Structures are given as C-alpha cells and as structure tokens.
Amino acid sequence: MLEKLRQRLQAHAPRRLRLDMPQAAVLLPIVDRPEPTLLFTRRAGHLTTHSGQVAFPGGKREEEDRDLLFTALRESEEEIALPPERVELLGRLSDVISLHGILVTPYVGLIPPDLPLVPDPTELDAIFEVPLELFLEDRRHHTDVIPVNGRPHYVPSYHTQGQVIWGLSAMMLVELLAEGFERPVSLFNEPPHGRLCYFPERLLRSSKTETRLS
C-alpha cells in the first residue's frame, strides 16, 4: 500500500499558488506500522489562536529557511522532536490558504514507528496517531458544507479518540486520499452518505485561491 502511495504521489502534479502572502508548511507523517497510521498534533489550550485544534506538525516559513520542505521538517522537529533524517519524503500536496491569509504547503512523509516524540508544551499538548483505515473507509462523522465564492466545499469531519479532525487538515486529507490512495472522495462533490452541516458563505480575495479555510 505504501509503495503504491509513493508512486502515485511522485506522479501527482499538485496545484501551486503564486501569491504574495505569508508562507507556511506542514508535514503529514504516515507512521510505518503493519497497519499504517497518520500522526496528528493538538494545539495547546493556552494559545490565543487555534487553541485545542487538531493539526499536522508545521508552521510559518522563516527568513533563513532554504525552502518550504525545510520549513516543514524544521517545524516538525521543533514541535514534536521529529528528527528530519527519519522522514522519508513521499510527495507534496496542493497549496491551500488558511482563513488567516497564510499560504500553506503540505508534504507527505513516512516515519518509523515508536520514535521518542515529545510535544513542545509552548505550542502543543498532545501527539496522537489515527489508523489510516479510518480515512480510507471514509468513516467521517459528518460533512461541513462551506460555500467559497459561491461554490460549495464538502469538507469531512472525523471524530476519533476524543479528537476532531476538520477544516484545513481535513481538506489536505481529501487530496491525500484521492490522489495517493485512489479513493472516491472530493471537496466538490456531495458525499453519498452522512450528515451535512452548513456554514455561511466565505469570500476570497482572489479567484485563484479555491481553498481558503481554517
């Protein structure tokens, strides 16, 4: 399964946005277990923004970062003590834009199981893994329907282990599932099952930015 994922992601042509806004990068770490898992973090409750939210490790690009992959790996090391040399890059996903106007580039990497990962308490209060099977079987709790510039986006929301995976992280997951695992999921097609939760319209400053969520 993971070898096929590597091949499909290397053949994938992700969308790249050329926009003048702050940049960030995240890592989607797949843990190489007999039953593979996906690793997530939870933002610390004391933070003024995104407190308590589930996310992938990553953060803003710094001036000295040579590229966005370096940003994703540096931030992952700072946030969860993940050594960059233990990450096998599998591919890149499409750029997305957060509700706060940050251009985010996601990378997919394979990491060994049972690394001594530790959350940085200034930023995180938890690290946890979710079996990939939950996403491959599309066991979503419900779907958030978010109109963006008049076009509905069907964003899955997953509830597992007392955590909620939604928003920008879930949008990245949809592309990983569709492009990496050939699963029939899409942000632009209504899912065949499950409850729909409707959100107010969100307007983008640029028609080029199809995905601007938090």
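Fifteen salt bridges were counted in the predicted model, a salt bridge being a side-chain nitrogen of Lys or Arg within 4 Å of a carboxyl oxygen of Asp or Glu. Because the model is predicted, local features require pLDDT of at least 70 and side-chain atom pairs count only at pLDDT 80 or more, whereas totals for chains, interfaces and linings use all residues. Residues are numbered from 1 along each chain as its sequence is written, and side-chain values use heavy atoms, with hydrogens and water left out.

One of the salt bridges joins arginine 33 to glutamate 129, with 2.8 Å from N to O. Arginine 33 is in the loop between β1 (23-31) and β2, and glutamate 129 is in strand β8, 96 residues away in sequence. Helices (H or I, at least four residues) and strands (E, at least two) are DSSP runs, numbered from the N terminus. Arginine 33 has a relative accessible area of 23% and glutamate 129 one of 26%; each is partly exposed, that is, between buried (under 20% relative accessible area) and exposed (over 50%), with a 1.4 Å probe and protein chains only. Strand β8 also supplies aspartate 125, which pairs with arginine 42 of strand β2 and so ties together parts 83 residues apart in sequence. The closest N and O atoms of this salt bridge are 2.7 Å apart. Arginine 42, at 24%, and aspartate 125, at 38% relative accessibility, are likewise partly exposed. By contrast, arginine 140 and aspartate 138 are both buried; their side chains form a salt bridge of 2.9 Å, N to O. A network of salt bridges links Glu62, Asp65, Arg74, Glu75 and Glu78.

Four aromatic pairs were found in a search of the whole structure. Rings of Phe, Tyr and Trp (its six-membered ring) pair if their centres lie within 6.5 Å; planes under 30 degrees apart count as stacked, over 60 as edge-to-face and the rest as tilted. Phenylalanine 40 and phenylalanine 128 are stacked, at 5.7 Å centre to centre and 20 degrees between the planes. The former is in strand β2 (residues 37-43) and the latter in strand β8 (residues 124-131), so this pair ties together parts 88 residues apart in sequence. Both residues are buried. Phenylalanine 135 and tyrosine 158 form an edge-to-face pair, with 4.8 Å between centres and 90 degrees between planes. This pair links helix α3 (residues 132-136) to strand β10 (residues 151-160). Phenylalanine 135 is buried at 1% relative accessibility, as is tyrosine 158 at 0%. Phe40, Phe56, Phe128, Phe135 and Tyr158 make up one aromatic cluster.

The largest nonpolar core (buried Ala, Val, Leu, Ile, Met, Phe, Trp, Tyr and Cys residues joined through side-chain atoms within 4.5 Å) has 40 residues, of which Leu28, Ile30, Phe40, Phe135, Leu173 and Leu176 touch the most other members. Helix α4 (residues 167-181) contributes the largest share, nine residues. Apart from this core lies another of 14 residues, including Leu27, Leu73, Tyr107 and Ile111. With neighbours within four places in sequence left aside, the contacts (heavy atoms within 4.5 Å) of phenylalanine 40 include Val54, Ala55, Phe56 and Leu173. Serine 169, in helix α4, is in contact with Val54, Ala55 and Phe56 when such sequence neighbours are likewise left aside. Serine 169 is buried, at 9% relative accessibility.
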